[in-house]
Amino acid sequence: MTETSSTSATSKPDRGRGGDRRPERRRSPLGRMGLFYRQIIAELRKVVWPTRNELVTYTTVVIVFVAIMVGIVATLDYGFSKLVMWVFG
């Protein structure tokens, strides 16, 4: 099959800047900050936020995991301190 689209033959090659964007121009610091915050808001709108049930589940899992890890570290710390006290008296 051959491509018969007339737009691909006559269009200029894309240089990686995005075809529908405005030409880059120098912006003031406030203009750059405004653009930065607009981009942040646009990205935050794309986020899939968890439901309340998912949030409670994830929070519970994290708290239980942290409690288990604290227990393991505390036990190892206590054991090593007793070992050091026994060896070095």
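Helices here are DSSP runs of H or I with at least four residues, numbered from the N terminus. With that in hand, let's walk through this predicted model.

**Start with the whole chain.** Colour by secondary structure and you will find three helices and zero strands, so labelled by DSSP runs. Read from the N terminus, the elements go α-α-α. Now switch to a surface view: about 9200 Å² is exposed, with carbon and sulfur atoms supplying 65% of that area. Buried residues account for 0% of the 89 residues in the chain.

**Colour by confidence.** The chain has a mean pLDDT of 84, and 73% of its residues reach 70 or more. Select helix α1, residues 6–10, for the lowest mean pLDDT among the elements, 54. At the other extreme is α3, whose mean of 97 is the highest.

**Select residues 29–46, helix α2.** Show the side chains of K46 and E43, which form a salt bridge with their closest N and O atoms 3.1 Å apart. The structure holds one such bridge. Why are these two residues about one helical turn apart? K46 and E43 are three residues apart in helix α2, and that is the separation in question. An α-helix has 3.6 residues a turn, so residues three or four places apart point the same way. Side chains of opposite charge can pair when their charged atoms come close. As for their surroundings, K46 counts as exposed at 59% relative accessibility, while E43 counts as partly exposed at 45%.

**Stay in the helix and pick F36 and Y37.** The count of aromatic pairs comes to one. The ring centres of F36 and Y37 are 5.5 Å apart and the planes meet at 65°; planes over 60 degrees apart count as edge-to-face, so this pair does too. F36 itself is partly exposed, with a relative accessible area of 46%.

**Move on to residues 52–88, helix α3.** How far apart are the end C-alpha atoms of this helix? The distance is 53 Å, which agrees with the 54 Å that its 37 residues should span at 1.5 Å a residue. Within this stretch, select residues 55–76, where UniProt, in an unreviewed entry, places the feature "transmembrane region". In the model those residues are 100% helix and 0% strand, and their end C-alpha atoms lie 32 Å apart.

**Finish just past the helix.** Click on G89, which follows α3 and has a positive phi, near 50°.

Conventions. Residues numbered from 1 in each chain as written. Predicted model: local features only at pLDDT ≥ 70, side-chain atom pairs only at ≥ 80, totals over all residues. Heavy atoms only, no water. Expected span 1.5 Å × (residues − 1). Phe/Tyr/Trp six-rings, centres within 6.5 Å; stacked < 30°, edge-to-face > 60°. Buried < 20%, exposed > 50% of the residue type's maximum accessible area, 1.4 Å probe, protein only. Areas by Shrake-Rupley, 256 points an atom, 1.4 Å probe, with all protein chains shown as cover. Salt bridge = Lys/Arg side-chain N within 4 Å of Asp/Glu carboxyl O. UniProt positions renumbered as here; feature names shortened; annotations may be inferred. pLDDT = per-residue confidence, 0-100.
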